Amino acid sequence: MSSQGSAGKAAVEAKGLNPGLIVLLVVGGLLVTLLIANYVMYMYAQKNLPPKKKKPVSKKKLKREKLKQGVPVPGE
């Protein structure tokens, strides 16, 4: 009888899923879900949020750029 009992346990273990595979599937599924959710939120934000305001350029920088281009700055 004991030989049949151990053979029955081996057959049950062979049919079950590997615990490492289950963990891998769960972690992979969560990762894919997070990536998809992140992409969806990014696309939503691109459509619905107003564009960023540009920083104002200082007069000093404007003067420097115009001097580089050779355009005379008014007031000098």
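Helix 3, which spans residues 59–69, lies largely in the open, because zero of its eleven residues are buried. The term is applied here to residues with under 20% relative accessible area, and the model from which these values are computed is a predicted one. Directly after helix 3 comes Gly-70, a residue whose phi is positive, near 85°.

The openness of helix 3 can be set beside the figures for the protein as a whole, in which buried residues make up 1% of the 76 residues. The accessible surface of the protein comes to about 7,800 Å², and carbon and sulfur atoms account for 67% of that area. As to secondary structure, the protein contains three helices and zero strands, so that, read along the sequence, its pattern is α-α-α.

Helix 2 covers residues 19–48, and Ile-22 has its place there. An unreviewed UniProt entry places the feature "transmembrane region" at residues 20–45. In the predicted model, the span of residues 20–45 is 100% helix and 0% strand, with its end C-alpha atoms lying 37 Å apart.

Ile-22 also belongs to a nonpolar surface patch of about 700 Å², which this residue makes together with Leu-17, Leu-21, Leu-24, Leu-25, Val-26 and Leu-30. With a relative accessible area of 40%, Ile-22 is partly exposed, and because a patch is made of residues with over 30% relative accessible area and no salt bridge, this value of 40% lies above the area cut-off for patch residues.

Technical notes: Residues numbered from 1 in each chain as written. Predicted model: local features only at pLDDT ≥ 70, side-chain atom pairs only at ≥ 80, totals over all residues. Heavy atoms only, no water. Patch = residues over 30% accessible without salt bridge, like charges linked within 9 Å, V, L, I, M, F, W, Y side chains within 5 Å. Areas by Shrake-Rupley, 256 points an atom, 1.4 Å probe, with all protein chains shown as cover. Salt bridge = Lys/Arg side-chain N within 4 Å of Asp/Glu carboxyl O. Helix = DSSP H or I, 4+ residues; strand = E, 2+ residues; numbered from the N terminus. Buried < 20%, exposed > 50% of the residue type's maximum accessible area, 1.4 Å probe, protein only. UniProt positions renumbered as here; feature names shortened; annotations may be inferred.
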